[in-house]
Every structure is written in structure tokens, then in C-alpha cells.
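User: I am new to reading protein models and would like a close look at a single part. Please pick one region, walk me through it, and then show me how the rest of the chain fits around it.

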Amino acid sequence: MTKRNYIRVYSYALALVLTLAALSIINMNMARSYKAQLELSYQQSLNELSENLDSIETNLTKSVYSGSDKMMLELSSQLFAECSEAKDALSRLPVSHLGLSSTYKFISQSADYASYLAQKIASGKEISKKEHENLCTMLNYAKELNDSVSSIVDVCNNGGVITGSGIKANEIEVKTLSTNMTTAEDSFKDYPTLLYDGPFADAVLNKEPQFIKGKDSFSKEEARDIAASALDVSASEVSFESEENATLPCYVFKYGQRTIGITKKGGFVAYILYSGKISKSKISEENAVNLAKKYLDKLGYENMKTSYYMTSGNICVINFAYSAGSTTYYGDLIKVGVSMGNGRIVSLEAKGYIMNHKDRSDFTGAVSEKKARSLVSPYLTVIDTKKCVIPKNNGTEVQCIELHCESKDTNEEVLIYLNAKTGEEEDIMMLLYSDGGTLTK
């Protein structure tokens with residue numbers, strides 16, 4: 001072989017080796033990319049399953065405490081839908097390797113049982129004691145199942161990753177996605193998912209603002225003065241940011257780490273957002289509640305009654321609802337965030353109040369407190385009662401009797417809302433107590 005041919009063969013061989021190496025690297029990268037996508041898909045499905053199981057547990061608990069056919073029918077329908085979503089999420093996971101082989105069977109049976117109960121109630125038949133005991137059994141299993149899946153989620157949130165053969169811990173860092181908050185209600189999404197919102201806050205946020213209807217319009221300069229007073233600074237320190245022309249038109253201003261929205265009509269503080277962090281906690285939660293109440297009085301939001309609070313990130317968020325006489329109006333909600341470091345008001349959300357507050361007729365419910373107590377499930381003991389008005393998803397309001405109850409078996413506390421005119425159950429909320437405050441679901 002000549003020297004030229006040798007060089008040519010060598011060059012071809014080298015080119016072939018380089019080409020194969022390049023293809024190997026490309027295939028390896030594609031395999032890694034596919035693996036990463038599969039792991040991400042597993043994690044998303046697991047999070048969906050965890051949320052579904054939490055909802056299943058919640059609605060099973062409410063079913064155990066329900067005392068009316070109407071509410072049981074609604075809960076059974078919701079339970080069936082949640083079970084279907086959970087089965088879909090579970091089908092996208094390596095079930096056997098995660099130790100969830102029995103989960104699919106339980107979810108399927110729960111869906112079937114929910115459908116059975118719904119059909120029985122719809123036909124006018126009552127739920128028997130044995131069927132109620134079956135619900136209790138399902139609830140106990142749902143709690144264990146929910147805890148198991150939550151443990152897997154915790155592993156993933158601390159760096160673990162789901163693979164086709166199980167879970168590998170600390171292999172990758174699982175990053176938490178965050179959303180850029182642009183509206184007042186979004187600013188409170190950083191707090192725990194179960195932050196007590198009134199309840200019923202979401203039902204009042206998508207209609208015409210009632211409180212500012214017919215109010216005078218304010219100029220940008222007038223709104224700046226209102227913003228400065230609310231932030232306790234001079235008007236020259238407040239910078240104009242933008243105008244919002246959505247459901248609730250506002251002028252938006254900024255001072256330091258706080259952003260404030262002033263309604264164009266009426267000149268009311270609609271929200272205050274805070275982008276900073278509070279590193280210390282020096283004041284008591286009782287003090288924070290008092291400071292928040294005084295601040296609402298200063299802004300012109302009067303007759304606001306404290307409902308519940310939650311402390312997170314050294315910010316205490318207190319929920320207030322409008323109160324007239326002995327009646328609480330849960331739709332007229334305002335949330336105030338107080339820094340536990342120095343007592344300063346760092347956030348506020350008054351959209352629920354502005355959208356819903358109006359002159360209302362007197363409370364005319366025909367169901368007496370004694371009658372309301374007798375309508376509650378026999379598995380509950382009534383602790384206290386009060387009159388209230390709750391908003392519904394269709395934009396209407398319902399006068400209710402709120403019954404604060406305790407389970408006779410587990411000592412779990414729940415809120416039962418009975419229609420004050422018909423005695424039918426309108427809603428059920430479960431109270432959860434933690435070191436940070438009171439939560440509900």
C-alpha cells in the first residue's frame with residue numbers, strides 16, 4: 001500500500017470513528033433528554049395524583065359528616081369525578097415500582113361506590129348505617145393512601161426523582177416553579193394552599209363591583225395622595241406605575257417593595273402587594289390582628305370582623321368579613337398581611353369586599369337555632385352557631401346558619417352551613433389548626 005493510500009484509509013477510518021462518536025454522543029444526549037422528560041412527566045403525574053387524593057379524602061370526610069341528601073348527592077358526584085382524575089394520573093406512573101399497586105383498586109372502588117350512592121339518593125332512598133360505616137372505612141384508607149403518596153412527593157421535592165424502576169433520592173434538584181404575581185389575589189398564593197379564605201372568596205370575584213357602583217371618579221393625582229396616605233409616606237415618594245382596566249379599574253403606584261392599587265371610582269385601596277421578605281418575628285399574633293383592624297378603620301372599611309388568620313414567612317394574614325348586627329357576610333372579605341417583625345401593614349386584598357359589598361335586606365331565615373342543631377348529622381356535636389350570608393358560584397347569596405361542630409369519633413372540627421330558610425346543607429368546611437393559625441378545606 002502506498003503512503004498516499006495509507007493516509008487516505010487512515011483519514012476515512014478516523015472520519016468514521018469521529019462520526020460514530022458523534023452519533024453516540026447525540027444518541028446519549030437524546031436518551032438523557034428522553035429520560036429527563038419521562039422523569040418530569042412522572043413527577044407531574046405524581047403531583048396530580050397527590051392533589052386528587054387530598055380532594056378524595058376531603059370529600060369522603062364531608063360525606064361522613066353530611067346530614068342531607070342534597071349535599072350527599074353533590075359530594076358523591078364530586079367524588080366520582082375526582083376518582084376518575086386520580087385514575088388517569090395513576091395510569092401515567094410506574095405503579096408497581098412505587099408501591100401503589102393497591103391504589104388503583106381502591107380508587108376504582110371509591111368511584112363505583114360514589115356512583116352507587118348518588119344513584120340511590122337520586123331515587124329517593126336514604127343512606128343506611130352500614131353504608132355510612134363503609135364511608136368511614138374508605139376514609140381511613142384514603143388517609144393512609146394520601147399520606148403514602150405525600151411521602152413520595154416529599155422525597156421528590158427534596159431532590160429525589162421517579163424512574164421506571166422506582167425512586168432515586170438526591171439525584172437531581174427539583175426546582176419549585178413560581179408565578180409572577182400581577183393581581184392582588186395572586187399575591188396570596190405564596191401562602192399555604194389551605195389558607196382560610198373566608199370561606200367562599202372565589203365566588204365573588206367575577207362580577208360587577210357593587211361597593212363602588214355610582215361612586216365619583218378620581219384622578220391619578222388624587223389617587224396618588226390616597227396611596228401615599230395608605231402607605232404612610234409623602235405623595236412625592238410614590239411613583240406611578242400603570243393603570244388597570246380589567247374588572248376592577250385601578251391606578252397602580254409603587255413605593256419601595258410595596259405596590260398599591262387605588263380604584264378609579266371611589267378612590268379605595270383595592271390591594272397592596274409586598275415583594276420583600278420578613279426575617280424576624282417580634283410581635284404577637286394578637287397584636288397583629290389589632291393592628292390590621294385599626295388599619296381597615298383608617299381606610300374606611302368599617303364593621304369588619306376577624307374570622308381566621310395564618311402566619312407564614314413572618315407575615316400574619318388576617319381574614320376579615322363584614323358584620324352587621326349578628327350576621328356575618330362572608331362574601332365581603334378583606335385580607336390584611338402584617339409584618340411580624342415591626343407590625344407594618346405589608347399586604348392587603350380588598351377585592352372581595354369591593355366586588356360584593358352592598359345594602360342588603362334583613363336576615364329573614366325561618367330555621368331556628370334549635371331546629372338547625374337537630375338537622376346536623378348525628379355523628380357531630382354542635383359547639384356554636386351564628387347567622388351568616390354566603391355567596392354561591394352563580395353570583396347569588398344565601399342566608400345560612402353556620403354551625404361549628406365537633407366529630408364525636410375523631411374530635412375533628414367542621415363548619416356546617418344550613419340554608420336558613422329550608423334547612424338544607426349548603427356547604428361543609430373542615431377546620432385545621434396549626435402553629436401558624438387556622439386553616440380549612
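Analyst: What follows is a walk along one group of paired strands, with the rest of the chain added afterwards.

Start with the whole. This is a predicted model. The chain has eight helices and 15 strands. Of its 441 residues, 46% are buried. The mean pLDDT is 77, and 76% of the residues reach at least 70.

Now to the part itself. Our anchor is strand E9, residues 327-339. How many of its 13 residues are buried? The count is 13 of 13, so strand E9 is mostly covered.

Strand E9 has several partners, taken here one by one. Look at strand E8 to begin with. E8 and E9 run antiparallel and are joined by ten bridges. One point to find on screen is Ala-321, whose bridge partner in E9 is Leu-333. Two residues separate the strands in this hairpin, and Gly-325 has a positive phi there, near 65°.

Next comes strand E10, residues 345-349. E10 also pairs with E9 in the antiparallel sense, over four bridges. Here Val-336 is matched with Leu-348 in E10. The hairpin of E9 and E10 has five residues between the strands. In that hairpin, Gly-343 takes a positive phi near 80°.

Then there is strand E11. E9 and E11 pair in the parallel sense, over three bridges. To locate the pairing, find Tyr-329 and its bridge partner in E11, Val-389.

Go back to E8 and step outward to E7. Strand E7 covers residues 304-312, and strand E8 covers residues 315-324. Seven bridges join E7 and E8, which run antiparallel. Thr-311 has Cys-316 in E8 as its bridge partner. The hairpin of E7 and E8 has two residues between the strands, and Gly-313 takes a positive phi near 60°.

A general point helps when you look at these strands. In a regular strand the side chains alternate between the two faces of the sheet.

Zoom in on one residue of E8. Ser-323 sits in this strand. Is Ser-323 buried or exposed? Its relative accessible area is 15%, and under 20% counts as buried, so Ser-323 is buried. A polar atom of the Ser-323 side chain lies 3.5 Å from the backbone oxygen of Thr-327. Leaving out residues up to four places away in sequence, Ser-323 touches Asn-303, Lys-305 and Thr-328.

Cysteines deserve a look too. Cys-316 has 0% relative accessibility, so this residue counts as buried. Cys-400 is also at 0% relative accessibility and counts as buried. Why does Cys-400 form no disulfide? The closest cysteine sulfur belongs to Cys-388, and at 5.2 Å that is too far for a bond. The cut-off for a disulfide is 2.5 Å. A search of the whole structure finds zero disulfides.

Cys-400 leads to another spot. Thr-422 is 22 residues from Cys-400 in sequence, and their C-alpha atoms are 9.5 Å apart. Thr-422 is in the loop between strand E13 (413-419) and strand E14 (425-434). A polar atom of its side chain lies 3.3 Å from the backbone nitrogen of Glu-424.

Now place these strands in the wider chain. The largest nonpolar core has 47 residues. Those with the most contacts inside it are Leu-49, Leu-60, Ile-107, Leu-403, Cys-405 and Ile-416. Helices H1, H2, H3 and H4 each supply at least two residues of this core, as do strands E11, E12, E13 and E14. Apart from this core lies another, of 46 residues, including Leu-231, Leu-248, Tyr-271 and Val-338.

Take Ile-107 as an example from the largest core. Beyond its neighbours within four places in sequence, Ile-107 is in contact with Leu-49, Leu-53, Cys-83, Ala-86, Lys-87 and Leu-90. In soluble globular proteins, nonpolar side chains tend to be buried together.

Contacts also link distant parts of the sequence. Of the contacts with a separation of 6 or more, 58% are between residues 24 or more positions apart.

End with confidence. Helix H5 (residues 220-231) has the highest mean, at 95, and strand E2 (residues 166-168) has the lowest, at 47. Over residues 164-205, pLDDT stays under 50. For that stretch the model has 98 contacts beyond four places in sequence.

Note on methods
Residues numbered from 1 in each chain as written. Heavy atoms only, no water. Polar contact = N/O pair within 3.5 Å; in protein donor to acceptor, adjacent residues only side chain to side chain. Pairing = 2+ DSSP bridges. pLDDT = per-residue confidence, 0-100. Contact = heavy atoms within 4.5 Å. Core = buried A, V, L, I, M, F, W, Y, C linked by side-chain atoms within 4.5 Å. Buried < 20%, exposed > 50% of the residue type's maximum accessible area, 1.4 Å probe, protein only.
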